Amino acid sequence: MSDSKPLSLYVPEPEFRPGDTPNFSDVAIPKAGAARRPPVDVEAGDIRDLAYTIIRVMNREGEAVGPWADLLSDEEVKAGLEDMMRVRAFDARMLMAQRQGKTSFYMQALGEEAIACAFSKALRPGDMNFPTYRQQGLLLSSDYPMVDMMNQIYSNAADPLQGRQLPIMYSSKEHGFFTISGNLATQFIQGVGWAMASAIKGDDKIATAWIGEGSTAENDFHSALVFASTYRAPVVLNIVNNQWAISTFQGIARGKAATFASRGLGFGIPSLRVDGNDYLAVYAVAKWAAERARAGHGPTLIEHVTYRMGGHSTSDDPSAYRAKEEATCWPLGDPIDRLKGYLIKRGVWSDAQHHQMQEMLEMQVAEAQKQAEKNGTLHDGPHSSPATMFDDVYKEMPLHLRRQRQESGL
Amino acid sequence: MTRMTMIQAIRSAMDNAMERDDDVVVFGEDVGFFGGVFRCTQGLQEKYGRHRCFDAPISESGIVGAAVGMAAFGLRPCVEIQFADYMYPGYDQITQEAARIRYRSNGDFTTPMVVRMPTGGGIFGGQTHSQSPEALFAHVSGIKTVIPSNPYDAKGLLLAAIEDDDPVMFLEPKRLYNGPFDGHHDRPVTPWSKHELGEAPDDYYTVPLGRAAVRREGADVTVLVYGTMVYVAQAAAEEAGVDAEIIDLRTILPLDLETIEASVKKTGRCVIVHEATKTCGFGAELMAVVSEACFYHLEAPIIRVTGYDTPYPHAHEWDYFPGPKRVGAALKKVMEAA
């Protein structure tokens with residue numbers, strides 16, 4: 001043996017586990033308004049700082065400050081608040097429906113509502129999202145009928161996907177929402193390909209791709225960054241860093257070495273880190289990145305820093321692996337409370353109005369649920385005809401499938 | 001009609017397709033300026049511009065994944081994987097994405113796209129340039145898998161594949177690129193210019209997917225083959241003096257069940273030949289198909305002649321390759337059965 005010490009493997013561990021009292025005081029939260037707003041044709045190397053900070057607009061007093069502020073009217077912000085509250089009411093209702101045995105599975109976006117809801121406002125009709133399973137806010141903030149979402153969740157007779165997909169794996173070309181895979185990261189490179197196609201055809205549409213921080217470890221994340229930077233694809237690449245990939249904390253996908261946003265810098269992609277619980281900041285950054293893409297400056301990588309307040313899905317119990325109080329201690333707060341505080345501070349909103357909107361949304365969701373349940377639920381049916389399982393594997397059904405359908409007696 | 005190698009035929013197909021339809025785009029590793037390591041895309045960038053034929057990063061998942069997105073946009077990408085052996089990083093995008101987009105979105109999105117890749121051995125490519133992964137594709141619902149055996153078919157099938165509204169895996173037997181090969185590796189190479197199927201129109205035409213071709217009619221035994229093995233089987237039948245009916249499957253999924261079943265019912269015997277490894281190779285599926293449909297017509301057990309269940313060995317390529325001697329022995333054996 002030489003005189004060197006034996007090596008040991010470093011395996012990152014989260015700071016807090018069940019039973020611990022979480023304390024996030026060492027998480028650096030930059031001051032709202034402090035981050036600069038560069039021109040959209042900036043080079044990645046000139047804004048390296050924005051990949052390590054957190055771009056924030058709303059300060060603790062509920063004021064919008066700094067160069068990323070003042071992009072939305074009060075009415076637009078109120079609509080944004082309503083969108084987020086709609087997502088939360090919808091999630092609560094569908095979580096309950098799953099608990100009641102009406103469907104097999106559900107995933108909420110609890111605590112992350114600002115990201116998809118604000119982002120969708122930076123897009124135009126015809127743009128295409130390549131979402132993960134936690135971007136229901138893209139649909140719920142863009143007039144997609146709640147009843148159709150519920151029909152899909154229930155896999156009932158009116159399910160637009162004929163009961164083929166796990167609940168919440170929506171698809172709507174018309175609403176710019178690419179069919180959700182359920183496999184992780186695959187859609188990230190597909191979004192880049194879609195954007196490349198738009199550029200090949202000389203179109204003016206852009207794509208957005210979505211991924212969780214844990215899935216950035218997948219090779220498709222790397223493929224997407226390579227293709228996006230190589231061909232300057234008109235795409236916005238979004239990493240939603242909600243700190244937890246089921247039970248695996250974000251350190252397992254990156255260690256403590258860097259931020260997820262900084263992964264884009266090696267590819268020469270302008271990369272920004274934004275407060276994902278700050279509706280105004282998400283909107284501002286999304287708009288900046290969309291403008292960049294539309295102007296032909298190429299891709300942007302955005303890390304939305306947030307916290308997954310609920311379980312990964314209805315099949316998950318986070319109390320088994322993380323400290324219970326984490327969600328309430330999380331230093332970036334609740335996106336709905338924060339935007340509400342902003343509007344109240346502006347003098348254009350009140351607790352009473354908020355309460356009224358909450359009740360109205362709960363009623364709308366309940367009404368939609370009633371409508372959807374008329375078309376059936378997963379466990380009680382009715383469903384689409386089982387014979388339809390053989391359809392759409394191919395455009396024309398080949399002989400072997402025709403025979404199988406016949407033999408099945410369905 | 002013009003004399004063409006399989007490389008020229010494949011290039012001609014892409015040329016016709018790109019000329020007819022602005023939505024056809026071609027990309028892959030080295031396919032742009034250089035025209036591909038086997039030269040199948042030579043001249044396409046010059047003719048159609050860099051935005052329709054271009055080099056891709058060395059990332060098969062990226063190539064296929066980007067093609068899925070492009071196809072969802074409305075293009076018809078025809079991408080090249082440099083060797084079939086390199087397709088594995090893209091396999092997830094092929095099997096769980098391209099193959100399922102139509103189904104999982106109930107037809108809301110579709111991904112018409114072609115993934116071309118040179119397949120098979122016979123060129124001393126070693127274990128990473130000789131594989132035949134067709135069974136891995138045939139096992140997957142939602143994609144089609146095509147393996148042409150001559151220039152005429154290669155062009156017509158590729159044009160049909162590009163026009164098809166479903167994803168198509170297009171496996172090009174690289175040993176056939178420059179001439180038919182009957183497995184007699186020690187004899188002079190035959191060029192396509194001396195073969196009747198080495199002639200194809202310069203203009204557009206298609207050969208339908210899902211249809212087999214009977215290369216030789218025969219009464220004694222049905223031989224189910226595709227790709228390079230078509231010529232090996234022809235040579236073997238001739239040398240063994242067996243009146244074999246040789247069926248070139250051309251598309252292995254969807255399979256031309258009717259042609260296969262009619263032939264085996266007629267001959268009562270069946271030999272299956274492929275270059276890929278034996279266990280769970282596509283021959284296993286063919287055997288099952290024939291057993292299920294033709295069991296009471298069979299006069300002998302079905303025999304498979306395949307590559308061995310080993311990686312493709314470099315120095316021992318010709319011991320591994322199921323050449324005419326092994327195929328001939330199988331034909332005799334199946335004829336000797338009571």
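Which strands of chain B does helix α3 (residues 60–73) of chain B lie across? Helix α3(B) lies across β2 (24–28), β4 (76–80) and β5 (114–119) of chain B, and runs at about 170° to β4(B). Here angles run from 0 to 180 degrees between N-to-C directions, and axes are lines fitted to C-alpha atoms, for helices over the stretch in contact. Two residues are in contact if their C-beta atoms, placed from the backbone, lie within 7 Å.

This is a predicted model, in which local features need pLDDT of at least 70 and side-chain atom pairs count only at pLDDT 80 or more, while totals for chains, interfaces and linings use all residues. Residues are numbered from 1 along each chain as its sequence is written, and chains are lettered from A and ligands numbered from 1 in the order in which they are written.

**The two chains**

- Chain A contains 12 helices and 7 strands; helices (H or I, at least four residues) and strands (E, at least two) are DSSP runs, numbered from the N terminus.
- The radius of gyration of chain A is 22 Å, which agrees with the value near 22 Å for a compact globule of 410 residues. This radius is taken over C-alpha atoms, and the globule rule is 2.2 Å times the number of residues to the power 0.38.
- Along the principal axes, the C-alpha atoms of chain A fill a box of roughly 70 × 65 × 55 Å.
- Chain B has 12 helices and 14 strands.
- For chain B, with 338 residues, the radius of gyration is 19 Å, in agreement with the value near 20 Å for a compact globule.
- The box filled by the C-alpha atoms of chain B is roughly 60 × 45 × 40 Å, taken along the principal axes.

**The sheet of chain B**

- An open sheet of 7 strands follows the order β3-β2-β4-β5-β7-β6-β12 (chain B), with mixed pairing; two strands pair if DSSP finds at least two bridges between them.
- β3 (53–55) and β12 (251–253) of chain B are at the edges with a single partner strand each, so one side of each is left without a neighbour in the sheet.
- Strands β6 (residues 144–146) and β7 (residues 168–173) of chain B pair in the parallel sense over 3 bridges, and Lys144(B) has Val168(B) as its bridge partner in β7(B).

**The sheet of chain A**

- In chain A, 5 strands form an open sheet in the order β1-β2-β3-β7-β6, with parallel pairing.
- The edges are held by β1 (128–130) and β6 (271–275) of chain A; each has a single partner strand, so one side of each is left without a neighbour in the sheet.
- β6(A) runs parallel to β7 (residues 300–305) of chain A and is joined to it by 5 bridges; the bridge partner of Leu272(A) in β7(A) is Ile302(A).
- Helix α8(A) packs on this sheet, where it touches β3 (235–241), β6 and β7 of chain A, and its direction makes about 170° with that of β7(A).

**A helix pair in chain A**

- Helices α2 (residues 113–120) and α8 (residues 279–294) of chain A pack at an angle of about 45°, with their axes 8 Å apart.
- That angle makes α2(A) oblique to α8(A): angles under 35 degrees count as roughly parallel, over 145 as roughly antiparallel, 65 to 115 as roughly perpendicular and the rest as oblique.
- Among the residues making the contact are Ala114(A) and Phe119(A) of α2(A) and Tyr279(A) and Ala286(A) of α8(A).

**Where the chains meet**

- The contact takes 37 residues from chain B and 36 residues from chain A.
- On the side of chain B that touches chain A, α3(B) gives the most, with 10 residues.
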